[in-house]
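Subject: Structure for you to look at

Hi,

Here is the structure I promised to pass on. Have a look at it first, and then read my notes underneath.

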Amino acid sequence: MWVAMAESSECNNESVLVVPSSTLLSFLEQVQQFALTAFGPSQFDPKHYVDLPLRFNLSVTLRAFQALPNTNTLSRDDFNIFLKEYFGEVGSDLVNYDPPDFSAEPEGFLPGVVNQEVRKWALEVHSLCRVLSRKVAKSVAERPEEHTLLPLPGGVIIPGSRFREVYYWDSYWIIRGLLASKMYETAKGIVNNLVSLIHKYGFVLNGARTYYTNRSQPPLLSAMVRAIYMKTGDIDLLKMAFPTLLQEHRFWTAGIHKVIVRDAHGAKHSLSRYYARWDAPRPESATTDMETAAGLTESEKKLLYREIATTAESGWDFSSRWMRDRKNLTTLHTTSIIPVDLNVFLLQMELNIEFFAKTLGESSIAKTFIQASNARHIAIETILWNDEMGQWLDYWLDPLKCEHIQVNDQHEEMLLGWKR
């Protein structure tokens with residue numbers, strides 16, 4: 001059994017600060033609950049209501065909402081009239097955008113694919129780059145208090161269906177497709193959008209909505225930058241993204257995300273975990289989360305809601321991988337797990353930053369990240385590798401067995417963990 005020290009201010013998860021909700025978001029959650037009562041749970045989508053843009057300012061809309069009869073006497077038709085009068089259509093704060101580098105059949109597109117049926121299918125997939133292209137409407141930046149959508153500087157490609165905003169690690173796969181489609185400028189624009197989120201929030205958000213400001217997603221921005229650079233050789237892209245990649249690296253390797261594990265020989269290894277700054281139902285899935293937490297005490301609910309949001313940060317929402325009881329979602333313990341994949345993503349980030357630093361002539365930073373990547377590689381091999389099984393395994397901490405210690409003048413937690 002290893003001894004693990006997780007760098008946080010307290011052992012108790014409840015003590016971690018949460019990102020405050022906005023006045024608009026709190027109001028939209030009230031509308032969401034009202035809609036659930038009015039329309040019933042059948043095919044109810046809680047995300048729809050927190051994505052609604054306002055037609056008027058919040059104070060006017062709030063007064064109209066407060067003037068509605070209670071849900072026992074309000075008809076569905078009257079509530080629909082209220083929604084249509086005071087809210088825009090979901091997605092109306094995005095406008096269609098025609099990417100300037102889109103071509104129906106790009107020159108040199110997938111030269112290794114010779115089967116005509118497969119090529120036809122690939123071109124249909126390629127055409128989605130245009131179908132799903134949007135720009136955030138100017139009104140979002142001009143009146144941010146009326147939208148949960150966040151302003152972004154350039155064009156975006158959305159996942160589609162009910163997901164009408166940019167998502168972090170979705171963007172990696174989108175960029176891989178854009179590079180195959182020779183849409184290099186659009187790919188750079190997506191990176192620039194993500195960089196703008198780091199400038200404002202200190203990290204890339206889970207998605208470009210106000211209700212995603214409490215968590216991130218798997219850190220693949222450096223991989224996006226490198227993939228584009230290897231295709232284009234655009235040194236200006238590296239110069240633009242480099243400082244923010246350093247900032248993102250600090251986000252994932254300090255504070256609540258950082259865990260130090262001491263091995264059997266007393267050597268310390270620094271690894272990272274997912275950890276959302278949230279302890280309430282996720283606004284976009286509030287009704288689902290509250291149903292999941294039904295029957296728990298209030299303190300238990302707060303802990304579960306943090307675990308649910310943290311699991312969403314992992315991108316694996318939801319998987320039995322994060323549960324103590326694989327059949328019971330209330331046993332999520334994602335904050336107590338050091339994931340293999342997250343730490344490999346961070347190893348990749350450190351190697352990418354080293355490469356960028358050398359390319360930009362930043363020899364001191366390159367040396368720092370050579371050391372960081374070597375240390376993480378050793379940590380992954382030492383702590384996450386299971387020799388008997390011949391594979392890497394997530395490392396589980398035990399948050400119930402912790403004591404405060406002093407390490408390098410820093411107040412840290414000591415936790416006993418085990419391999420799984």
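Below are my notes on the chain as a whole, then on its helix packing, and then on a few single residues.

The thing to keep in mind throughout is that this is a predicted model.

**The whole chain**

The chain has 14 helices and eleven strands. Its radius of gyration is 23 Å, close to the 22 Å that the globule rule gives for 420 residues, so the chain is as compact as a globular protein of that length. Along the principal axes, the C-alpha atoms fill a box of roughly 70 × 60 × 40 Å. Of the 420 residues, 53% count as buried. If you take the contacts between residues at least 6 apart in sequence, 72% of them join residues at least 24 apart.

**Helices around H13**

Two packed helices are described by the angle between their axes and the distance between the axes. I used that description for H13 and three helices that pack with it, namely H14, H10 and H9.

Let me begin with H14. Helix H13 covers residues 340-359 and helix H14 covers residues 363-384; their axes come within 8 Å and cross at roughly 160°. Angles over 145 degrees count as roughly antiparallel, and H13 and H14 are therefore roughly antiparallel to each other. Their crossing is left-handed. On the H13 side, the residues in contact include Val340, Leu347, Leu351, Ile353 and Lys358, and among those they meet in H14 are Ile365, Phe369, Arg376, His377 and Leu384. By class, this contact of H13 with H14 has 14 nonpolar, three polar and four charged residues.

How does H10 sit against H13? Helix H10 (residues 235-252) packs with H13 at an angle of about 140°, and their axes are 10 Å apart. H10 and H13 are therefore oblique to each other, and they make a left-handed crossing. The H10 residues involved include Ile235, Phe242, His249 and Trp252, while the H13 residues include Leu342, Met349, Phe356 and Thr359. Here the contact has twelve nonpolar, two polar and two charged residues.

Then there is helix H9 (residues 221-232), which packs with H13 at an angle of about 45°, with the axes 9 Å apart. H9 and H13 are therefore oblique to each other, and H9 passes H13 in a left-handed crossing. From H9 the contact is made by Ser222, Ala223, Val225, Arg226, Tyr229 and Met230, and from H13 by Gln348, Met349, Leu351, Asn352, Phe355, Phe356 and Thr359. This contact of H9 with H13 has eight nonpolar, four polar and one charged residues.

Some H13 residues turn up more than once if you follow the lists. Leu351, for instance, meets H14 and also takes part in the contact with H9. Met349 meets H10 and is again part of the contact with H9.

**Backbone geometry**

Most residues other than glycine have a negative phi, and most peptide bonds are trans. With that in mind, here are three places to check.

- A cis peptide bond joins Asp317 and Phe318, with omega about 5°. Phe318 is in the loop between helix H12 (298-314) and strand S7 (337-338).
- Ser161 is not a glycine, yet its phi is positive, near 60°. It lies in the loop between strand S4 (156-157) and helix H7 (168-180), and with a relative accessible area of 69% Ser161 is exposed.
- Lys182 also has a positive phi, of about 65°. It is found in the loop between H7 and helix H8 (184-201), and Lys182 is partly exposed at a relative accessible area of 29%.

**Two more loop residues**

Ser22 lies in the loop between strand S1 (3-6) and helix H1 (23-39) and counts as partly exposed at 31% relative accessibility. Ser22 and Glu145 are 123 residues apart in sequence but 8.7 Å apart in space, C-alpha to C-alpha.

Is Asp279 buried or exposed? Its place is in the loop between strand S6 (268-272) and helix H11 (286-293), and at 17% relative accessibility Asp279 counts as buried. Leaving out residues up to four places away in sequence, Asp279 touches Val18, Lys302, Tyr305 and Arg306.

Happy reading, and best wishes

Notes. Residues are numbered from 1 along each chain as its sequence is written. This is a predicted model: local features need pLDDT of at least 70, side-chain atom pairs count only at pLDDT 80 or more; totals for chains, interfaces and linings use all residues. Side-chain values use heavy atoms; hydrogens and water are left out. Axes are lines fitted to C-alpha atoms, for helices over the stretch in contact, and angles run from 0 to 180 degrees between N-to-C directions. Helices (H or I, at least four residues) and strands (E, at least two) are DSSP runs, numbered from the N terminus. Angles under 35 degrees count as roughly parallel, over 145 as roughly antiparallel, 65 to 115 as roughly perpendicular and the rest as oblique. A crossing is left-handed if the near helix is turned anticlockwise from the far one by less than a right angle, and right-handed if clockwise. Contact means heavy atoms within 4.5 Å. Ala, Val, Leu, Ile, Met, Phe, Trp, Tyr, Cys and Pro count as nonpolar, Asp, Glu, Lys and Arg as charged, and the others, Gly among them, as polar. The radius of gyration is taken over C-alpha atoms; the globule rule is 2.2 Å times the number of residues to the power 0.38. Buried means under 20% relative accessible area, exposed over 50%, partly exposed in between (1.4 Å probe, protein chains only).
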